[in-house]
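Reader: I should like to understand the reasoning behind the terms used for this structure. Could the argument be set out step by step?

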Amino acid sequence: MKVFITGGTGFVGRAILRHIHLGLRNIHIRLLARSEQSLQKLGESAEGVEPVYGDIFSGDILEKEMKSCDMVIHLVGIIKEKDGATFEKVHIEGTKCVVDSARKSGIRHFVHMSAENARADAPSRYHTTKYQAEEYLKKSGLTYTIMRPSMMFGPEDQNFNELAKIICSTPVMPVIGDGSYIWQPVSVDNVAELFVAVLMEPRAMGKTYEIRGPEKFTFEEILNILMEVTGKTRPRIHIPVAIMKPLASLMDIVSSIAPITLEQMKMLLDEKQPPSENFSADFPIKLTHLEEGLRKFLAPCRP
Ligand SMILES: NC(=O)c1ccc[n+]([C@@H]2O[C@H](COP(=O)([O-])OP(=O)(O)OC[C@H]3O[C@@H](n4cnc5c(N)ncnc54)[C@H](OP(=O)(O)O)[C@@H]3O)[C@@H](O)[C@H]2O)c1
């Protein structure tokens, strides 16, 4: 099997490559990379991977390089907008370019990374643009599988590692609102396992899988677990949403490295939607529990 992968140098992409290297060596990977530098992030997983340099807007390169591939895994997405990379541009225009190239190249199965809560009337543009990308793919005539994971945890994730850093380095833990919003995080290794399992699998074709972890937590409970794992207890300061929203808008304007953007706040506070199709009936994998997973990559705070 020959798979063309976009976004393979990112957090999820690296987990998928690790998974392929661990088990299924008969999968050949052709990987789209924007630079030599981003390819270096793969480390040992780069072994046997065939790089193709370009980005998701390089239609000619995509079409040419997908021609001898059977499948596409399209992972590219952004959580924060910067340097002209807007949600509309990356999620909608970028996906259109990848989907069109895949159709012209005769790709047999397109596995698309979306996100939990993607829908037309979501409060955040991250989710509405993810939804529009899904719709474009569904109407493209390609055989597809759409994956909608919840927030993921794993080595080098941007959420749990960052929260652990704050716990270790600041005397108080800021919490947006009352902290009662729900997270149902899933292990990136479980998501990677599913991406590999669905490839060319007839049961997965034409389906949209909701991929959530085995437990639901409030944000406050997530902090309890993180404090347990890092061995540090911090008092919490609750910042009302009415104060945080204008503050986040202001940070969006003045800094590209704001700790939280307004769009991220909207995602955080968005109520979890009931799942559509669940993967577990088709792919009954064993899901990792959050605390067990965190202990594998988060160390206790250094004195
Ligand atoms: N992380 C989560 O908890 C989570 C949850 C649900 C859904 N998702 C979705 O999963 C996908 C992957 O997320 P991630 O956490 O792995 O993100 P990430 O670590 O930021 O990786 C993003 C990847 O996309 C590539 N990329 C960005 N813009 C590109 C462009 N214009 N052309 C080509 N490549 C481009 C990056 O390449 P460089 O290496 O060159 O930067 C990188 O390989 C995204 O679609 C995200 O929305 C993530």
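Author: Two strands pair if DSSP finds at least two bridges between them. The model discussed here is predicted.

Reader: What makes β11 and β14 a pair of strands?

Author: The cut-off is at least two bridges. Two bridges join β11, residues 207-211, to β14, so the requirement for pairing is met. The two strands run parallel. In β14, N278 is the bridge partner of E210.

Reader: Which residue stands opposite E210 on β6, and how many bridges link β6 and β11?

Author: R148 stands opposite E210 in β11. Five bridges link β6 and β11, in the parallel sense. Because at least two bridges are required, β6 and β11 count as paired.

Reader: Why are β3 and β14 called edge strands?

Author: Eight strands form an open sheet in the order β3-β2-β1-β4-β5-β6-β11-β14, with parallel pairing. The strands β3 (50-53) and β14 (277-278) each pair on one side only, and they are the edge strands.

Reader: Which helices pack across this sheet?

Author: Helix α4 lies across β1 (2-6), β4 (71-74) and β5 (109-113), and runs at about 175° to β4. Helix α7, residues 188-198, packs on the sheet and touches β4, β5, β6 (144-149) and β11. The direction of α7 makes about 170° with that of β6.

Reader: Why is E156 called exposed?

Author: A residue is exposed if 12 or fewer other C-beta atoms lie within 10 Å of its own. E156 has 12 C-beta neighbours inside 10 Å, and therefore counts as exposed. E156 is found in the loop between β7 (152-153) and α6 (160-169). Its phi is positive, about 70°, although E156 is not a glycine.

Reader: Why does M200 count as partly exposed?

Author: M200 has 15 C-beta neighbours inside 10 Å. A residue is exposed at 12 or fewer and buried at 20 or more, so a value in between is called partly exposed. M200 therefore counts as partly exposed. M200 lies in the loop between α7 and β11, and has a positive phi of about 60° although it is not a glycine.

Reader: Which residues come nearest to the ligand, and which elements supply its shell?

Author: Of the 22 residues around the ligand, G7, G10, S38, D55 and G77 come nearest. The elements that give two or more residues to the shell are α1 (11-22) and α4 (87-105). The largest share, three residues, comes from α1. By class, the shell has twelve nonpolar, eight polar and two charged residues.

Note on methods. Residues numbered from 1 in each chain as written. Predicted model: local features only at pLDDT ≥ 70, side-chain atom pairs only at ≥ 80, totals over all residues. Near = placed C-beta within 6 Å. Helix = DSSP H or I, 4+ residues; strand = E, 2+ residues; numbered from the N terminus. Nonpolar A, V, L, I, M, F, W, Y, C, P; charged D, E, K, R; others polar. Contact = placed C-beta atoms within 7 Å. Axes fitted to C-alpha atoms, helices over the stretch in contact; angles between N-to-C directions.
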